[in-house]
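Hi there,

Here is the structure I promised to pass on. Please have a look at it first; my notes follow underneath.

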Amino acid sequence: MTAQQTVRDVAPAPTSAADAVTSLRAHVTGDLMDIVVDLDAGSGCRLRDQRDGTEYLDMTMFFSSAPLGHGHPGLSTPEFEAALVRAGRIKPSNPDFATVEQARFAETFRRVVGDPALPLLFFIDGGALAVENALKVAFDWKTKVNARAGIAVRGSRAMHLEHAFHGRSGYTMSLTNTDPAKVRDYPKFDWPRIPSPAVEPGERWESAELLPEELAALDVARAALRRYGPEIACFVYEPIQAEGGDRHLRPRFLRAVQELCREHDVLTVADEVQTGALTGQAWAHQALGLEPDLVAFGKRMQVCGVMGGRRVLELPDNAFREASRLSSTWGGSLVDMVRATRVLEVVESEGLFEHSRQMGEVLLSELRDLVAEFPALVRDARGRGLMCAISFRDPAMRDRALAVARERHRTLFLPSGPDSLRFRPPLSVRPEEIVDAVAALRKTLGEL
């Protein structure tokens, strides 16, 4: 009997598409939609249900993790598929064993989305762990800076914002404060939290002066720095708070906090796990004119990790460079790196950052028209690049709209915060797909 025959004899019958949702719901934790993704079908923003061929217009992109949409021809070439199979035959521990595939990914990452001021890279699986390792770099840095100044205090606190979501791992649960169910009753650190003065579209956004609520938030930050002093290692922020409700913080405010942190030898950490490759540029911090010392990334980049530089480089023995200070067994997935390399090559060759900026203008214009048409139901069309959202005046109506759009109009949207609906189309989205998605939402609002 051959090895192939042995596997065939002992392996259970594969789960059919008809049983996939039921089987997973019975044993695997998750919030599954009643859809089975057909991995061999779909095109652009069209996702196909493998069970019956139903097509959905997808504005979720797997929580913004599919930068080229469904069925992009650049991801179906024989050469790319062969590279995936080759990388998938074994799972090397990337931090310890070099491969051409990892080196090629790192080179492509630096060329297409790299920041010359942030030359250090660390890869890992998971956005929360990307943020967590950025925190570790900051804690390490601040403690060493304190020691060299003769201060026997560990840098052990992370200042952060209200309405923030940074993940659900050990450190990041102390920062996340959106839906209480995600962190309730878990042990957390008592780290300083400051107000998050998001500003809605309008004249106040253009103010040349800091707004009263921004000044108040800065006062709270100063008070935290006075209270904890050298214990504060970093300030962590999302350039746009995504799960918190697509809340936009003004660049003027974030730059003011950044300057305050520099005055106190505190690193700034931009959590771009959700905003990376979404706001019309590679990074939202670039669009906002910010200069973080560390950037956590993931989702659309396919591989998660941390970019480091600026003040981190002031210490030659920073955590990126000290042996075994940061590491993991896998250091990210090699298969993900192969896919990411190809995705970034397509983004570069097709000019998709500029394309996404233009498509974002189309989407925001459509959403503004929608809000003007249904002012009793929705408000505050807002966005940067393709990271767009509207808010509902009644949170329960938002939830109903998501269901009606999916069930009656075969269009998929995501919630955001307590009352908002977010769009997360791919970088390659076409104008007609945007128009169709807003049209489906318009029908939904008319029915509601």
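**The sheet, a helix and a pocket**

Phe-122 stands opposite Val-306 in β11. Bear in mind that this is a predicted model. The strands β3 and β11 (residues 304-308) run antiparallel and are joined by five bridges.

Both strands belong to an open sheet of seven, with mixed pairing and the order β3-β11-β10-β9-β6-β4-β5. At its edges are β3 (120-124) and β5 (193-194), each of which pairs on one side only. As a general reminder, strands of a sheet pair through backbone hydrogen bonds, either parallel or antiparallel.

β3 also turns up in the surroundings of α10: the buried residues of this helix pack against α4, α5 (100-113), β3 and α11 (352-373). Among those buried residues of α10 are Leu-334, Met-337, Val-338, Leu-344 and Val-347, along with Asp-336 and Thr-341. The helix α10 has 16 residues and reaches 23 Å from its first C-alpha to its last, close to the 22 Å expected at 1.5 Å a residue.

You may also like the second largest pocket, which holds about 620 Å³ of space. Which elements each supply at least two residues of its lining? They are β1 (46-48), α4 (78-88) and α10 (334-349). In total, 26 residues line this pocket, and Leu-39, Gly-69, His-70, Gly-71 and Leu-75 lie nearest its centre. By class, the lining is made up of 12 nonpolar, eight polar and six charged residues.

Happy to talk it through whenever suits you.

Best wishes

Key. Residues are numbered from 1 along each chain as its sequence is written. This is a predicted model: local features need pLDDT of at least 70, side-chain atom pairs count only at pLDDT 80 or more; totals for chains, interfaces and linings use all residues. Side-chain values use heavy atoms; hydrogens and water are left out. On a 1 Å grid over the protein atoms alone, a cavity is a set of points where a 1.4 Å probe fits but cannot get out, and a pocket is an open set with protein on both sides within 12 Å along at least five of seven lines; lining residues have an atom within 4 Å of a point. Grid points are joined across faces, edges and corners, and a volume is the space filled by probe spheres set on the points. Helices (H or I, at least four residues) and strands (E, at least two) are DSSP runs, numbered from the N terminus. Ala, Val, Leu, Ile, Met, Phe, Trp, Tyr, Cys and Pro count as nonpolar, Asp, Glu, Lys and Arg as charged, and the others, Gly among them, as polar. Two strands pair if DSSP finds at least two bridges between them. The expected span of a helix is 1.5 Å times one less than its number of residues. Buried means under 20% relative accessible area, exposed over 50%, partly exposed in between (1.4 Å probe, protein chains only). Contact means heavy atoms within 4.5 Å.
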